Amino acid sequence: CAAGMVLSVLVVLLLSVLYEALKMGKAVLLRRALLALPRSLSQEALTEPQEGDTDPAQGSLSVMGFPILSHRWFRYHVGQTLFHVVQVVLGYMVMLAVMSYNAWIFLGAIAGSTLGYFV
């Protein structure tokens, strides 16, 4: 059935494009997460606040001397984790399709990866 083969190649192609798009989305999310981190974790920021200090930066919450990272950074990290899980699942699906040892499926995966990287 030629229609089934064409459909299979198109599905693998689209999975490969989506895999590459997720890689780029993960990189963008990583850049945003790094921008959400504090600029400097200097020695002053890592020390416990002294009594009588009224500087809010010195009085921030800390765990074992390390400042607690912002809620915004945590959300980006959760987003990166979800992107990673979806990327791994898609990667294994494309790998399993390629392991069918069908040349057309293989070419569809290569073409999809190329197109996804290009876009």
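## A tour starting at tyrosine 101

Select tyrosine 101 to begin: this residue is exposed, with a relative accessible area of 73%. Here, exposed means over 50% relative accessible area, buried means under 20%, and partly exposed lies in between, for a 1.4 Å probe and protein chains only. The areas are computed by the Shrake-Rupley method with a 1.4 Å probe, and for residues only the protein chains shown count as cover.

The model is predicted, so local features need pLDDT of at least 70 and side-chain atom pairs count only at pLDDT 80 or more, whereas totals for chains, interfaces and linings use all residues. Residues are numbered from 1 along each chain as its sequence is written, and side-chain values use heavy atoms, with hydrogens and water left out.

**The loop between α3 and α4**

Where does tyrosine 101 lie? Its place is the loop between α3 and α4. Although tyrosine 101 is not a glycine, its phi is positive, at about 60°. Next, select methionine 99, which is found in the loop between α3 (71-98) and α4 (103-118). Methionine 99 is partly exposed, with a relative accessible area of 45%.

**The nonpolar patch**

Now add Val88, Tyr92, Met95 and Leu96 to the selection; together with Met99 and Tyr101 they make a nonpolar surface patch of about 680 Å². A patch is made of residues with over 30% relative accessible area and no salt bridge; like charges are joined within 9 Å, and nonpolar side chains (Val, Leu, Ile, Met, Phe, Trp, Tyr) within 5 Å.

**The whole chain**

Switch to a cartoon view of the chain, whose secondary structure comes to four helices and two strands. Helices (H or I, at least four residues) and strands (E, at least two) are DSSP runs, numbered from the N terminus. In what order do the elements run from the N terminus on? The order is α-α-β-β-α-α. Of the 119 residues, 18% count as buried.

**Helices α1 and α3**

Show α1 and α3 together. Two packed helices are described by the angle between their axes and the distance between the axes. For α1 and α3, the packing angle is about 160° and the axes are 9 Å apart. That makes α1 roughly antiparallel to α3, a label for angles over 145 degrees, while those under 35 count as roughly parallel, 65 to 115 as roughly perpendicular and the rest as oblique. Axes are lines fitted to C-alpha atoms, for helices over the stretch in contact, and angles run from 0 to 180 degrees between N-to-C directions. The crossing of α1 past α3 is left-handed, which means that the near helix is turned anticlockwise from the far one by less than a right angle; clockwise would be right-handed.

**The salt bridge in α1**

Which side chains meet in a salt bridge? Select glutamate 20 and lysine 23, whose side chains meet at 3.4 Å, N to O. The structure holds one salt bridge, defined as a side-chain nitrogen of Lys or Arg within 4 Å of a carboxyl oxygen of Asp or Glu. Both partners lie in helix α1 (residues 2-36), three residues apart, about one turn of the helix. Glutamate 20 counts as buried at 7% relative accessibility, whereas lysine 23 is partly exposed at 36%.

**Contacts far along the chain**

Keep lysine 23 selected and add phenylalanine 83: they are 60 residues apart along the chain, and their C-alpha atoms are separated by 8.2 Å. Then return to glutamate 20 and add serine 113; these two are 93 residues apart in sequence and 6.3 Å apart in space, C-alpha to C-alpha. Serine 113 is found in helix α4 and is partly exposed, with a relative accessible area of 26%.

Finally, select tyrosine 19 in helix α1, which is partly exposed at 25% relative accessibility. Tyrosine 19 and tyrosine 117 are 98 residues apart in sequence, with 9.4 Å between their C-alpha atoms.
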